Amino acid sequence: MRDRTASPAPTPRSSGSALGSAIADHLARAGVGRLTLIDRDLVDATNLQRQSLYTERDAAEQSPKAEAARRRLTEVNSEITLDAHIADLTPRNIAQLLAGPAGRPDVILDGTDNFETRYLLNDLAVRDGVPFVYGGVVGTRGMQTTIRPGTTPCLRCLFEDPPAPGTQPTCDTAGVLGPVVAIVAGCQASDAIRLMLGQGDRIPASLLEFDLWAGHRRRLDLTDARRENCPCCGLRRFEFLAGGNASAAATLCGQNAVQISPPDRPGRPLDLGSLAERLGGVGEVRLTSFMVRATLPAGPDGSQERCTLTVFRDGRAIVSGTALPDRARALYARYVGS
Ligand SMILES: [Zn+2]
């Protein structure tokens, strides 16, 4: 068996906070009526150390995480409704993806591994008055607070701006100790259940902090931490919602892979069948109902690694085998077109 034990310096090179897996598992078993899962990534063997919904088979097949999670949760509780979206959450699609048939969710839970998406969720939650259950994990540390818009401080009251790139440890540089996920996701799921049962006003305004390796736990009282001049909940300037899609090519945290997000193609999904046919002459191709995957040839001089291209119906792609955005963009343009 592969060794997945987290050492004192948890294994780097594994992406995703894993909070989404653990939260979804709790809420599905609790029997919430409907769960909407949104994830842009593919299951990788390095995820299995902490992302409890996935198996070695999911990793071998590089299944999209949202779809693998949906399959697993259906087996856990077939009576709930599961909406799985293989998508990158952006200012352009967030309202639509989170709306669901009921118009808006009862609660939004943070299972992200990046600040851009987290601040986007905070904007939407405050704008629409939806409770937002924040959680974050990195290394051996975790943090959790529940934001009730209009009552408790929002994320930007506490941390006005996301940290500058490169200044904070990430899942790439520090890994994540599995049990930290369990404790933070447990706090998040528990608050979500209380909110859904109408007991949100009994959740104290506080920020919980854990460092399981140092044996450190702390509760910060946030009763007076709401700021009138907070750009989001005070001044109601929703800067992250207003922003365009920040990057067309982004290196995925912790992986030798780059995501390519083409401009919106509303109402014009990609014809995966014909793309698979076109790529048939290039290398080994696999077609499913939600993606095409092709193994691309190495560079003509043999110096470049072989890359794998996974293209989804909305035109988004993940290029594995490189961390260079320019190379990924070039491969996308060459094999998918722009
Ligand atoms: Zn605020």
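A residue is called buried when its relative accessible area is under 20%. Keep that cut-off at hand for the exercises below, which all concern a predicted model.

**Exercise 1. Work out how strand S12 is covered and which way its residues point.**

Step 1. Start with the whole strand: S12 spans residues 308-312, and five of its five residues are buried.

Step 2. Now sort the residues by direction. Thr308, Thr310 and Phe312 point one way, while Leu309 and Val311 point the other way. Residues on both sides are buried.

Step 3. Look at the neighbours. Strand S11 (residues 291-295) runs antiparallel to S12 and is joined to it by five bridges. Strand S13 (residues 317-320) is also antiparallel to S12, with four bridges between them.

Step 4. Use Thr310 as a landmark. Arg293 stands opposite Thr310, and in S13 the bridge partner of Thr310 is Ile318.

Step 5. Finish at the turn. Four residues separate S12 from S13 in a hairpin, and Gly315 in that turn has a positive phi of about 95 degrees.

**Exercise 2. Find the protein donors of the zinc ion and name their arrangement.**

Step 1. List the donors: the SG atoms of Cys154, Cys157, Cys230 and Cys233 lie 2.3 Å from the zinc ion.

Step 2. Read their spacing along the chain, which is C-x2-C-x72-C-x2-C.

Step 3. Place two of them. Cys154 sits in the loop between strand S5 (141-147) and helix H6 (155-158), and Cys233 in the loop between strand S7 (216-221) and helix H9 (239-242), so this pair ties together parts that are 79 residues apart in sequence.

Step 4. Check the angles. Four donors count as tetrahedral if all angles lie between 85 and 135 degrees. Here the donor atoms subtend angles of 91 to 126 degrees around the zinc ion, so the arrangement is tetrahedral. For comparison, the ideal angle for four tetrahedral donors is 109.5 degrees.

Step 5. Apply the burial cut-off. Cys154 is buried at 1% relative accessibility, Cys230 is buried at 0%, and Cys233 is buried with a relative accessible area of 8%.

**Exercise 3. Decide why Cys232 has no bond to its closest cysteine sulfur.**

Step 1. Recall the chemistry: a disulfide is a covalent bond between the sulfur atoms of two cysteines.

Step 2. Take the cut-off, which is a sulfur pair within 2.5 Å.

Step 3. Compare. The closest cysteine sulfur to that of Cys232 belongs to Cys154 and is 4.2 Å away, too far for a bond.

Step 4. Widen the search: the whole structure holds zero disulfides. Cys232 itself is buried, at 0% relative accessibility.

**Exercise 4. Lay out the open sheet of five strands and find its edges.**

Step 1. Write the order, S3-S4-S5-S6-S7, and note that the pairing is mixed.

Step 2. Pick out the edges. Strand S3 (108-109) and S7 each have a single partner strand, so one side of each lacks a neighbour in the sheet.

Step 3. Zoom in on one pair. S5 and strand S6 (residues 206-211) are antiparallel over four bridges, and Gly142 stands opposite Phe210 in S6.

Step 4. Add the helix. H5 (residues 115-128) lies across S3, strand S4 (132-138) and S5, at about 170 degrees to S4.

**Exercise 5. Locate Arg92 and state its exposure.**

Step 1. Arg92 is in the loop between strand S2 (81-86) and helix H4 (94-99).

Step 2. With 38% relative accessibility, Arg92 counts as partly exposed.

Step 3. Compare sequence with space: Arg92 and Gly243 are 151 residues apart in sequence, and their C-alpha atoms are 8.9 Å apart.

Technical notes. Residues are numbered from 1 along each chain as its sequence is written. This is a predicted model: local features need pLDDT of at least 70, side-chain atom pairs count only at pLDDT 80 or more; totals for chains, interfaces and linings use all residues. Side-chain values use heavy atoms; hydrogens and water are left out. Donors are N, O and S atoms within 2.8 Å of the metal (3.2 Å for Na, K and Ca); water is not among the atoms, so sites may look incomplete. Four donors count as tetrahedral if all angles lie between 85 and 135 degrees; four count as square planar and six as octahedral if opposite donors are over 155 degrees apart and all others between 65 and 115; anything else is irregular. Helices (H or I, at least four residues) and strands (E, at least two) are DSSP runs, numbered from the N terminus. Buried means under 20% relative accessible area, exposed over 50%, partly exposed in between (1.4 Å probe, protein chains only). Two strands pair if DSSP finds at least two bridges between them. Contact means heavy atoms within 4.5 Å. Axes are lines fitted to C-alpha atoms, for helices over the stretch in contact, and angles run from 0 to 180 degrees between N-to-C directions.
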